[in-house]
Amino acid sequence: MSRSELDRALDLITEIPDFPEPGVIFRDLTPMFADGTAFVHVVDALNEAISDDVDRLVAVEARGFVLAAALGYARRIGVALVRKPGKLPNVADRIDYQLEYGTATLELPVGSVKPGERVAVVDDVLATGGTVAASVELIRRAGADVTGIAVVLELAALGGRSRLDALPVHALRTI
Ligand SMILES: O=P(O)(O)OC[C@H]1O[C@H](OP(=O)(O)OP(=O)(O)O)[C@H](O)[C@@H]1O
Ligand SMILES: Nc1ncnc2[nH]cnc12
């Protein structure tokens, strides 16, 4: 894939000022997800960024699910669906964390990550890093190893990378 095709795909991400609250510039990836060509290029680029020896993907509700589902299908590996609270009937573990705009809780389904597995975390946006850091903690508490993190967009000013214990973070675009 040429760089310009991926750039064209990422250029579909739009900036929405003051959403979901005043002062936040929200990066809306929905136009990129809605464009079939862009979606293919973004998923292919994420796939290249994730090491070949990964046993499982972990994704966070909701936008992370869309990316991880496509990647899991392409690789023929399973996806652990880390969810917002109150959705899962069988919770293995839960963690509270800070978001750019508020606080949140994430829950890991029972049996979705197994001890000793090599896991990559997939999400759309890395902002403060709270979401990915919480996912990494859930994975480690389940006894698995996080080998890397792949995101579409990194908001560097929010310092997410520094919260991730020097884990390899691959962002398709950093702004
Ligand atoms: O690095 P952080 O500061 O933690 O922020 C990044 C997270 O924020 C967004 O999720 P959001 O909670 O808005 O949920 P959504 O995917 O359901 O829209 C985004 O999809 C990431 O998961
Ligand atoms: N500014 C932002 N835009 C989109 N998703 C986000 N998640 C956290 N901060 C975000």
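The protein chain averages a pLDDT of 96, and 98% of the residues score at least 70. This is a predicted model. The predictor gives the complex an ipTM of 0.97 and a pTM of 0.96.

**Exercise 1. The shell of ligand 1**

Find which residues lie closest to ligand 1, and which elements supply its shell.

Solution.
- Step 1. Collect the shell: 17 residues surround ligand 1. The closest are Ala62, Ala127, Thr128, Gly130 and Thr131.
- Step 2. Assign elements. Helix H4 (63–75), strand E7 (118–126) and helix H5 (130–141) each give two or more residues to this shell.
- Step 3. Rank them. E7 gives the most, with four residues.
- Step 4. Sort by class. The shell around ligand 1 holds six nonpolar, six polar and five charged residues.
- Step 5. Look at the backbone at Ala62. The peptide bond from Glu61 to Ala62 is cis, with omega near 0°. Ala62 sits in the loop between E3 and H4.

**Exercise 2. The shell of ligand 2**

List the residues around ligand 2 and determine how they divide by class.

Solution.
- Step 1. List the shell: Val24, Ile25, Phe26, Arg27, Glu100, Val125, Ala127 and Leu155.
- Step 2. Find the main contributor. Strand E2 (residues 25–28) supplies the largest share, three residues.
- Step 3. Sort by class. Six residues are nonpolar, none is polar and two are charged.
- Step 4. Cross-check with ligand 1. Ala127 is in the shell around ligand 2, and Ala127 is also among the closest residues to ligand 1.

**Exercise 3. Buried or exposed?**

Decide whether Leu57, Val110, Arg76 and Ala166 are buried, partly exposed or exposed.

Solution.
- Step 1. Fix the cut-offs. A residue with 20 or more other C-beta atoms within 10 Å is buried; with 12 or fewer it is exposed; in between it is partly exposed.
- Step 2. Leu57 lies in strand E3 (residues 56–60). Leu57 has 24 C-beta neighbours inside 10 Å, so Leu57 is buried.
- Step 3. Val110 lies in the loop between strand E6 (102–109) and E7. Val110 is partly exposed because 13 other C-beta atoms lie within 10 Å.
- Step 4. Arg76 is in the loop between H4 and E4. Its count is 6 other C-beta atoms within 10 Å, so Arg76 is exposed.
- Step 5. Ala166 is in the loop between E8 and strand E9 (169–174). Ala166 has 7 other C-beta atoms within 10 Å and is therefore exposed.

**Exercise 4. Contacts and separations**

Work out which residues Leu57 and Val110 touch, leaving out residues up to four places away in sequence.

Solution.
- Step 1. Leu57 touches Ala68, Leu71, Gly72, Ile77, Val79, Ala120 and Val122.
- Step 2. Val110 touches Asn90, Val91 and Ala92.
- Step 3. Add a distance for Leu57. Leu57 and Val169 are 112 residues apart along the chain, and their C-alpha atoms are separated by 14 Å.
- Step 4. Do likewise for Val110. Val110 and Gly160 are 50 residues apart along the chain, with C-alpha atoms separated by 27 Å.

**Exercise 5. The largest nonpolar core**

Identify the members of the largest nonpolar core that touch the most other members, and the elements that build the core.

Solution.
- Step 1. The core has 46 residues. Leu46, Val58, Ala59, Val82, Val121, Val122 and Ile139 touch the most other members.
- Step 2. Two or more residues each come from helix H3 (36–49), E3, H4, strand E4 (78–82), E6, E7, H5 and strand E8 (145–154).
- Step 3. Take one member in detail. Ile139 touches Val58, Val113, Val119, Ala144 and Val146, not counting residues up to four places away in sequence.

**Exercise 6. Backbone outliers**

Locate the cis peptide bond before Pro20 and the positive phi values of Arg76 and Ala166.

Solution.
- Step 1. The peptide bond from Phe19 to Pro20 is cis, with omega near 0°. Pro20 falls in the loop between strand E1 (14–17) and E2.
- Step 2. Arg76 is not a glycine, but its phi is positive, near 60°.
- Step 3. Ala166, also not a glycine, has a positive phi of about 60°.

**Exercise 7. The annotated span**

Describe the geometry of the UniProt feature at residues 38–154.

Solution.
- Step 1. Name the feature. UniProt, in an unreviewed entry, places "domain: Phosphoribosyltransferase" at these residues.
- Step 2. Give the end-to-end distance. The end C-alpha atoms of residues 38–154 lie 18 Å apart.
- Step 3. Give the composition. The span is 32% helix and 39% strand.

Conventions:
Residues numbered from 1 in each chain as written. Chains lettered and ligands numbered in written order. Predicted model: local features only at pLDDT ≥ 70, side-chain atom pairs only at ≥ 80, totals over all residues. Near = placed C-beta within 6 Å. Nonpolar A, V, L, I, M, F, W, Y, C, P; charged D, E, K, R; others polar. UniProt positions renumbered as here; feature names shortened; annotations may be inferred. Contact = placed C-beta atoms within 7 Å. Core = buried A, V, L, I, M, F, W, Y, C linked by C-beta atoms within 7 Å. pLDDT = per-residue confidence, 0-100.
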